[in-house]
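Work through the exercises below with the sequence and the model side by side. Try each task before you read its solution.

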Amino acid sequence: MTRPVSVANVTTDLEVVCLCDGEWRLCDARIPTTDSRRLISYVEQADDGFEVLWLPTLSVQRLSSLDEAIEAARQFCARRPSQARLPSRRTPPPSRAGRNTPATPPH
């Protein structure tokens, strides 16, 4: 059974999005919306607490409150480099011509 939960003390570095009753998405607001690294975790309210799926590590953590999950995400953001220092997520360059093609037998 889920109960309404209020969100307190959210900073501009952390975006908390209520997906539906008892489910939230926590994002690093410093990272552009087009970058998948923006998404930090999903939080789901359970009968005995809150289950947090941390996407950078794909680990699950059980916490007692949504505020505790938000504080953990805030600390994650504080340890993470700012957007300006994050390495670029550009598409790798295409392979060189002929590199992945079969060799032509000599005539």
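**Exercise 1: two aromatic residues**

Both W24 and F50 are buried, where buried means under 20% relative accessible area, exposed over 50% and partly exposed in between (1.4 Å probe, protein chains only). The model is a predicted one, in which local features need pLDDT of at least 70 and side-chain atom pairs count only at pLDDT 80 or more, while totals for chains, interfaces and linings use all residues. Residues are numbered from 1 along each chain as its sequence is written, and side-chain values use heavy atoms, with hydrogens and water left out.

Task: Find how many aromatic pairs the whole structure has, and classify the geometry of the rings of W24 and F50.

Solution. Step one is the criterion: rings of Phe, Tyr and Trp (its six-membered ring) pair if their centres lie within 6.5 Å, and planes under 30 degrees apart count as stacked, over 60 as edge-to-face and the rest as tilted. Step two is the search, which over the whole structure gives one aromatic pair. Step three is the geometry: the ring centres of W24 and F50 are 6.0 Å apart and their planes stand at 45 degrees, so the pair is tilted. Step four places the two residues in the chain, for W24 belongs to strand β2 (residues 23-28) and F50 to strand β4 (residues 49-54), 26 residues apart, so that the pair links distant parts of the chain.

**Exercise 2: the sheet**

Task: Describe the order of elements along the chain, and then the order of strands in the sheet.

Solution. Start with the elements, which are DSSP runs numbered from the N terminus (helices are H or I, at least four residues; strands are E, at least two). From the N terminus on, they run β-β-β-β-β-α. Next, recall that two strands pair if DSSP finds at least two bridges between them. The five strands form an open sheet in the order β1-β2-β3-β4-β5, with antiparallel pairing. Its edge strands, each pairing on one side only, are β1 (14-20) and β5 (59-63). Finally, look at β1 and β2, which pair in the antiparallel sense over six bridges; the bridge partner of E15 in β2 is C27.

**Exercise 3: the cysteines**

Task: Decide how many disulfides the structure holds.

Solution. A disulfide requires a pair of cysteine sulfur atoms within 2.5 Å, and the structure holds zero of them. For C20, the nearest cysteine sulfur is that of C18, 6.7 Å away. For C27, the nearest is that of C77, 9.2 Å away. As to burial, C20 is partly exposed, with a relative accessible area of 36%, whereas C27 is buried, with 4%.
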